Amino acid sequence: MTTIKAFIEVQAAEMVFNTRKGSFHALSKIDLQVQRGEFITLIGHSGCGKSTLLNLIAGLLRPTSGVLLCDNREISEPGPERAVVFQNHSLLPWLSCFENVYLGVESVFGKREFKPKLIERTEAALELVGMSHATHKRPHEISGGMKQRIGIARALAMQPKVLLMDEPFGALDALTRAHLQDELLKIVAATQSTVVMVTHDVDEAVLLSDRIVMMSNGPAATIGEILSVDLPRPRKRVELAESATYIAARKAVIDFLYTRHAKDSRSEVLA
Ligand SMILES: Nc1ncnc2c1ncn2[C@@H]1O[C@H](COP(=O)(O)OP(=O)(O)OP(=O)(O)O)[C@@H](O)[C@H]1O
C-alpha cells in the first residue's frame with residue numbers, strides 16, 4: 001500500500017558541518033511536513049539554521065542523517081521543481097532582465113518547447129511581477145526591488161512545484177519590502193504555489209504565512225514551535241493591523257523569540 005505523504009517531508013534531519021575547528025552540529029531532529037499550496041516561513045535568531053534547512057530542501061546540502069522528500073521523491077540534488085530566490089537576487093549582470101529569466105526558462109523547457117513558447121513564458125513571468133517595462137535593462141540599471149522582482153520572475157517562470165525563498169526582501173527598504181510582500185501575496189494566490197521562505201521579520205511572517213516555523217537557537221537548533229496563522233485570504237495589511245488574530249499571532253512569535261528563546265543583543269530579528 002502506498003502511503004500518502006505531505007508534499008514536502010523532512011524526517012529526522014540532522015546537519016553537522018565539518019569545519020577546520022572540528023564538527024559543528026547545526027540542526028538536530030528536524031521534522032516538518034509542508035502541504036501542497038502552503039506558505040511556510042522559517043523564523044529564528046541569526047545563525048539558528050534557517051538557511052541550512054532551506055538549503056536542505058533545495059538540495060544544495062545533503063543532511064548528515066535523516067530524509068527529505070518532495071512529492072514523494074527523495075531530495076538528493078537541486079532540481080527545477082524547487083526554485084530558489086536568494087536575498088541578493090543573483091542575476092547575471094551581463095544579461096538583460098529578459099535574458100536572465102529566459103535562461104531559467106530555457107534550462108527547464110528548452111528541450112521540449114520551441115523558442116516562441118519560451119519567449120511567451122518569459123514575458124508572462126515578467127508581467128506577473130510587473131516588470132514588462134524593463135525587460136531590456138541590465139541589472140545595474142534597475143533598483144534593488146526591481147532586481148528582486150526579476151529573481152522572483154525567473155523562479156516562477158520555471159513553474160516550480162516549490163518556491164524556496166531565503167530572505168528575499170531582506171536587503172530592501174521598508175516601503176519597497178511592503179510593496180513586494182503585497183505583490184507576492186497576489187502572485188502566490190494566482191499560482192497556488194507552495195512556498196518555504198526564510199525571514200527575520202515577524203510582521204512579514206504573520207502577513208504571508210499559513211504556518212510559521214519557529215526555530216530554537218543553535219547549536220543543534222531544532223523546530224521549537226509551529227504557529228498556524230488563521231487569517232483569511234486575501235490579506236490586506238491595513239486591515240490586519242487591527243485584527244485580533246493578527247495581533248495574537250504576532251505576540252506569540254515575539255514571545256517565542258524574546259521570552260522563551262531570547263538571544264543576545266546582536267540578534268537580528270525585526271519585531
Ligand atoms: N558550510 C558551513 N560550514 C560550517 N558551518 C556552517 C556552514 N553553513 C552554516 N554553518 C553554521 O550553521 C549555523 C546555521 O547557519 P545558517 O546560515 O543556516 O543560519 P541562519 O539562521 O540562516 O542565519 P542568518 O539568519 O544569520 O542568515 C551557523 O552557526 C553557521 O555558522
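This is a walk through a predicted model, starting at its core and ending in its loops.

Let's begin inside. The largest nonpolar core holds 71 residues, and those with the most contacts within it are I57, V101, A153, L164, V196 and V253. Helix α4, residues 144-157, is the biggest contributor to this core, supplying seven residues. If you'd like one residue to centre your viewer on, try V253: leaving aside residues up to four places away in sequence, V253 touches I43, V202, A205, V206, I212, M214 and L227.

I57, another of the core residues with the most contacts, brings us to helix α1. This helix covers residues 50-58, and seven of its nine residues are buried, so α1 is largely enclosed by the rest of the structure. The buried ones are K50, T52, L53, L54, L56, I57 and A58. Notice that K50 and T52 are on that list along with the leucines. Right after α1 comes G59, with a positive phi near 85°.

Now for the helix packing, where α2 (residues 97-109) is a handy reference. It meets two partners, so take them in turn. With α4, the axes come within 8 Å and cross at roughly 25°. An angle under 35 degrees counts as roughly parallel, which is why α2 and α4 are described that way. The crossing is right-handed. On the α2 side the contact uses C97, N100, V101, G104 and V105, while α4 brings I150, A153, R154 and A157. Sorted by class, those residues come out as six nonpolar, two polar and one charged. V101 and A153, both in this contact, are also among the core residues with the most contacts.

The spacing along the α2 side is worth a glance. An α-helix has 3.6 residues a turn, so residues three or four places apart point the same way. Keep that in mind as you look at C97, N100, V101, G104 and V105.

The second partner is α3, residues 115-128. Here α2 and α3 pack at an angle of about 125°, with their axes 9 Å apart. That angle makes α2 oblique to α3, and this crossing is right-handed. C97, F98, V101, Y102, V105, E106 and F109 of α2 sit against L118, R121, T122, A125 and L126 of α3. The tally for this contact is nine nonpolar residues, one polar and two charged. C97, V101 and V105 turn up here and in the contact with α4.

Finally, the loops have some backbone geometry to check. The loop between β9 (211-215) and β10 (223-228) contains P219, and the peptide bond from G218 to P219 is cis, with omega near -5°. A220 is in that loop between β9 and β10 too, and it has a positive phi of about 55° although it is not a glycine. A220 has 16 C-beta neighbours inside 10 Å, so it counts as partly exposed.

Further along, in the loop between β10 and α7 (237-240), you'll find P234. A cis peptide bond joins R233 to P234, with omega about 0°.

One more backbone oddity is Q192, in the loop between α5 (174-191) and β8 (194-198). Its phi is near 55°, a positive value in a residue other than glycine. Is Q192 buried or exposed? With 8 other C-beta atoms within 10 Å, Q192 is exposed.

Notes:
Residues are numbered from 1 along each chain as its sequence is written. This is a predicted model: local features need pLDDT of at least 70, side-chain atom pairs count only at pLDDT 80 or more; totals for chains, interfaces and linings use all residues. A nonpolar core is a set of buried Ala, Val, Leu, Ile, Met, Phe, Trp, Tyr and Cys residues joined through C-beta atoms within 7 Å. A residue is buried if 20 or more other C-beta atoms lie within 10 Å of its own, exposed if 12 or fewer, and partly exposed in between; C-beta atoms are placed from the backbone. Helices (H or I, at least four residues) and strands (E, at least two) are DSSP runs, numbered from the N terminus. Two residues are in contact if their C-beta atoms, placed from the backbone, lie within 7 Å. Axes are lines fitted to C-alpha atoms, for helices over the stretch in contact, and angles run from 0 to 180 degrees between N-to-C directions. Angles under 35 degrees count as roughly parallel, over 145 as roughly antiparallel, 65 to 115 as roughly perpendicular and the rest as oblique. A crossing is left-handed if the near helix is turned anticlockwise from the far one by less than a right angle, and right-handed if clockwise. Ala, Val, Leu, Ile, Met, Phe, Trp, Tyr, Cys and Pro count as nonpolar, Asp, Glu, Lys and Arg as charged, and the others, Gly among them, as polar.
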